[in-house]
Amino acid sequence: MMIRLAFASLVSAFSLVAAAPALAASNADRLHQVAGSAAEFDKARLAGQKAAYFCANCHGQDGNSAYDYIPNLAGQNAVYLLNQIDKFADGRRQDPFMSGLIKLLKEDDRFNMAIYYSSQPVRSSASGNPALTTKGRQLYEGICKACHGAQGYGNEKIARLAGQQPVYLKQALEQYRLGSKRRNDPVMGSIARRLKDYDIAALAAYIPTLK
Ligand code: HEC
Ligand code: HEC
């Protein structure tokens, strides 16, 4: 039993190492290259804005979502966005709508849209419940800050959280906790499994107020 478990975790550790960096590197390399030229970056951003007209119905014209259960894409790290798009495309992440839609997008459109959205400013929201927000701040500073950053800005591998939509945050944390096919990440899974429903509600109240 022990040996089988150890073997299983070894295999999964290896497949993680094998799969993740290859994808991350190519998205990151291409983005760094385009970001190195102001003219190329602007061209991509404008093409992305055009290509994103359909996404605006849900994610908002400027990537500030129109609904509290749909994520803001504005201000999100472009490499992170492309990595999530890859995950929808190959089934590592599943959503009834996004999984189908992403498969219809051309490689260049995906790339340009990620540049467009990442370059838009995020509107953070005011908080409602002070007790819940205070509890959320304590949890954030104790657990989440180490990776997502003091202000929740994230980086290429870790999502920006600042200003994110409250209901979306709650759902994402519940999905990680469940570890279902919809969203399964070993790092966030182990963190979310430590959170009670009240903790998730508190984090979902606090994080949208981060600027
Ligand atoms: C009908 C509404 C709808 C439309 C239109 C839509 N999306 Fe989404 N999108 C969603 C929902 C809902 C989610 C969250 C899915 C989940 O819970 O995993 C999402 C998630 C995403 C994410 C992951 C964001 C994150 O923070 O991890 C990306 C990237 C994304 N969408 C890009 C796009 C792009 C690009 C388009 C246009 C080509 C688009 N979406 C159009 C509803 C929509
Ligand atoms: C050890 C590093 C680490 C810590 C600590 C951590 N996270 Fe994460 N978080 C990640 C990574 C990596 C991802 C991207 C996972 C993926 O691709 O689905 C992520 C993604 C997320 C997402 C998805 C965002 C989106 O746009 O869809 C949410 C929500 C989130 N984390 C919330 C939290 C909260 C709340 C805490 C504290 C309770 C926390 N995280 C602590 C590394 C971490």
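Here are some short exercises on this chain, each with a worked solution.

This is a predicted model, where local features need pLDDT of at least 70, side-chain atom pairs count only at pLDDT 80 or more, and totals for chains, interfaces and linings use all residues. Residues are numbered from 1 along each chain as its sequence is written, chains are lettered from A and ligands numbered from 1 in the order in which they are written, and side-chain values use heavy atoms, with hydrogens and water left out.

**Exercise 1. Get your bearings**

Work out how many helices and strands the chain has.

Step 1: Start with the rule: helices (H or I, at least four residues) and strands (E, at least two) are DSSP runs, numbered from the N terminus.
Step 2: Count them up, and you get ten helices and zero strands. Along the sequence, that reads α-α-α-α-α-α-α-α-α-α.
Step 3: Check burial, where buried means under 20% relative accessible area, exposed over 50%, and partly exposed in between (1.4 Å probe, protein chains only). Of the chain's 211 residues, 39% are buried.
Step 4: Look at contacts, meaning heavy atoms within 4.5 Å. Take those between residues at least 6 apart in sequence: 69% of them join residues at least 24 apart.

**Exercise 2. Helix 4 against helix 6**

Describe how the axes of helix 4 and helix 6 cross.

Step 1: Two packed helices are described by the angle between their axes and the distance between the axes. Axes are lines fitted to C-alpha atoms, for helices over the stretch in contact, and angles run from 0 to 180 degrees between N-to-C directions.
Step 2: For helix 4 (residues 78-90) and helix 6 (residues 107-118), the axes come within 8 Å and cross at roughly 140 degrees.
Step 3: Now name the arrangement: under 35 degrees is roughly parallel, over 145 roughly antiparallel, 65 to 115 roughly perpendicular, and the rest oblique. Helix 4 and helix 6 are therefore oblique to each other.
Step 4: List who touches whom. Helix 4 brings A78, L81, L82, I85, D86 and A89, and helix 6 brings R110, F111, A114, Y117 and S118.
Step 5: Sort these by class (Ala, Val, Leu, Ile, Met, Phe, Trp, Tyr, Cys and Pro are nonpolar, Asp, Glu, Lys and Arg charged, and the others, Gly among them, polar). The contact of helix 4 with helix 6 then holds eight nonpolar, one polar and two charged residues.

**Exercise 3. Two residues of helix 4**

Decide whether I85 is buried or exposed, and do the same for V79: buried or exposed?

Step 1: I85 sits in helix 4. Its relative accessible area is 15%, so I85 is buried.
Step 2: Leave aside neighbours within four places in sequence, and I85 is in contact with I102 and R110. I85 and A114 are 29 residues apart in sequence, with their C-alpha atoms 9.3 Å apart.
Step 3: V79 also belongs to helix 4. With 4% relative accessibility, V79 counts as buried.
Step 4: V79 and A114 lie 35 residues apart in sequence, yet 7.6 Å apart in space, C-alpha to C-alpha.

**Exercise 4. Find the largest nonpolar core**

Say which elements give two or more residues to the largest nonpolar core.

Step 1: A nonpolar core is a set of buried Ala, Val, Leu, Ile, Met, Phe, Trp, Tyr and Cys residues joined through side-chain atoms within 4.5 Å.
Step 2: The largest one has 22 residues, and Y140, L161, L173, L203 and I207 have the most contacts inside it.
Step 3: The elements giving two or more residues are helix 7 (130-148), helix 8 (166-178), helix 9 (186-192) and helix 10 (197-206). Helix 10 gives the most, with six residues.
Step 4: There's also a second, separate core of 17 residues, including L31, V79, M113 and Y116.

**Exercise 5. Helix 10 and its partners**

Find the angle at which helix 7 and helix 10 pack, then the angle at which helix 8 and helix 10 cross.

Step 1: Helix 7 and helix 10 pack at about 95 degrees, with axes 7 Å apart. They are therefore roughly perpendicular to each other.
Step 2: By class, the contact of helix 7 with helix 10 has ten nonpolar, two polar and four charged residues.
Step 3: For helix 8 and helix 10, the axes come within 8 Å and cross at roughly 145 degrees.
Step 4: That contact uses P166, L169, K170, L173, E174 and R177 of helix 8, together with D197, I200, L203 and A204 of helix 10.
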